[in-house]
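Biologist: Could you take me closely through the metal site and the loop that contributes to it, and then place that region among the charged pairs elsewhere in the chain? I would like a careful account that keeps to what the model itself shows.

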Amino acid sequence: MNKKDKKPYIKWILIIGALLITASITVWLYLHDWNMERSLDALTGDSTQQQPAEEQIADVQEEGIVIPEEKEDEVEEDLPVTPEPEEEVVEEEAKDATVYPESIELPEEPTVVNGILLANKQNPLPSDYAPGVNPEAQSAFDAMRAEALKSNIDLTAFSTFRDFARQKQLYEGYVAKDGQEKADRYSARPGFSEHQTGLAFDIGESGAEQHWAAASFGDTEAGKWVAENAHRFGFILRYPEGKEQLTGYMHESWHFRYVGKEVAKEIYDEKITLEEYLEQE
Ligand SMILES: [Zn+2]
């Protein structure tokens, strides 16, 4: 072969080589979806942009985090739809002892539970029930008064037995003054007063009339003494603080009820009301 023949041969090899390279690049780009960014990444070996995201998802799924989170969200969204809270509210309203029954009909006989006379807004007394002051309760009060005098506390029972007619007069006076809703919180309707049993004693201190039938009595020396010692003589604080829904009446630091020493001690020790005591009997 001569020199002139060699040159075209080399030229064609170069042209065919260039075409092959171009075709190869074209096919390679086609196979990589013409995505230049991804293709360049693949070409340079820089694959850190995509794999971590996939790895993270895989890790999360393996740990079971993603799926439970979605389920929790669903549960939370469903909760408010359940009717349970409404049912509980209805039950509490039914137990509210501050509310009188819709039809108030006085009974023929008083309510006695395990030998203990019970008078509240759910358990009224016959209108003609008028036993007067209970003698046993009076003796117990006298003994308590004698004991308190040793501490220079002069106790007096400024209100004890009240018959139906007297309670009617009192209650109607309170309604005229404060309205029925307010009067119902501190005064019983006729036939519903514990004072009609002859077992209830409103206790105060002689010479301190400003604290009679007032919340302030509970803060006086006499009021504290009675609260701490009445049970030893058979009396209980009948309407304790925070028990209005059970007893039916707001707290009365002066109103005591005679139940006998044994029952009084148990009610005092357990910090319960007469209603709770009779319910667990
Ligand atoms: Zn009273």
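Modeller: What follows starts at the metal, moves along the loop beside it, and ends with the salt bridges and a patch on the surface. The model is a predicted one, and the description should be read with that in mind.

The zinc ion is held by NE2 of H195, by two OD atoms of D202 and by ND1 of H255, at distances of 2.1 to 2.8 Å. Read along the sequence, these donor residues follow the spacing H-x6-D-x52-H. The two histidines bring together distant parts of the chain, since H195 sits in the loop between α8 (180-186) and β4 (200-205) while H255 belongs to strand β6 (residues 252-258), 60 residues apart. The angles among the four donor atoms run from 51 to 155 degrees, and the site is irregular. It is irregular because a tetrahedral assignment would need all angles to lie between 85 and 135 degrees, whereas the angles here start at 51 degrees and reach 155 degrees. H195 has a relative accessible area of 3% and is therefore buried, and H255 is likewise counted as buried because its relative accessibility is 3%; the cut-off for that class is under 20%.

The loop between α8 and β4 also holds F192, which counts as buried because its relative accessibility is 3%. Leaving aside residues up to four places away in sequence, F192 touches Y100, I104, L106, A119, N120, K121, P124 and Y249. The C-alpha atoms of F192 and P126 are 9.0 Å apart, although 66 residues separate the two along the chain.

E194 is a further residue of this loop, and its side chain meets that of R238 in a salt bridge with an N to O distance of 2.7 Å. This pair, too, links distant parts of the chain, with R238 in strand β5 and E194 in the loop between α8 and β4, 44 residues apart. Both R238 and E194 are buried, and salt bridges with shared partners join E194, R238, R257 and E275 into one network.

Across the whole structure, a search finds 13 salt bridges. One of them pairs R232 with E147, whose closest N and O atoms are 3.8 Å apart. Here the link runs from R232, in the loop between α9 (221-229) and β5 (235-239), to E147 in helix α6 (residues 135-149), a separation of 85 residues. R232 counts as partly exposed because its relative accessibility is 39%, and E147, at 27%, falls in the partly exposed class as well. Another salt bridge joins D178 and K177, with the closest N and O atoms 3.5 Å apart. D178 is partly exposed at 27% relative accessibility, whereas K177, with a relative accessible area of 61%, is exposed.

Turning last to the surface, Y9, I10, I13 and L14 make a nonpolar patch of about 450 Å². Within that patch, I13 is placed in helix α1 (residues 3-31) and counts as partly exposed because its relative accessibility is 48%.

To return to your request, the loop between α8 and β4 supplies H195, a donor residue of the zinc ion, and also carries E194, the partner of R238, as well as the buried F192.

Note on methods:
Residues are numbered from 1 along each chain as its sequence is written. This is a predicted model: local features need pLDDT of at least 70, side-chain atom pairs count only at pLDDT 80 or more; totals for chains, interfaces and linings use all residues. Side-chain values use heavy atoms; hydrogens and water are left out. Patches are made of residues with over 30% relative accessible area and no salt bridge: like charges are joined within 9 Å, nonpolar side chains (Val, Leu, Ile, Met, Phe, Trp, Tyr) within 5 Å. Accessible areas come from the Shrake-Rupley method with a 1.4 Å probe; for residues, only the protein chains shown count as cover. A salt bridge is a side-chain nitrogen of Lys or Arg within 4 Å of a carboxyl oxygen of Asp or Glu. Helices (H or I, at least four residues) and strands (E, at least two) are DSSP runs, numbered from the N terminus. Buried means under 20% relative accessible area, exposed over 50%, partly exposed in between (1.4 Å probe, protein chains only). Donors are N, O and S atoms within 2.8 Å of the metal (3.2 Å for Na, K and Ca); water is not among the atoms, so sites may look incomplete. Four donors count as tetrahedral if all angles lie between 85 and 135 degrees; four count as square planar and six as octahedral if opposite donors are over 155 degrees apart and all others between 65 and 115; anything else is irregular. Contact means heavy atoms within 4.5 Å.
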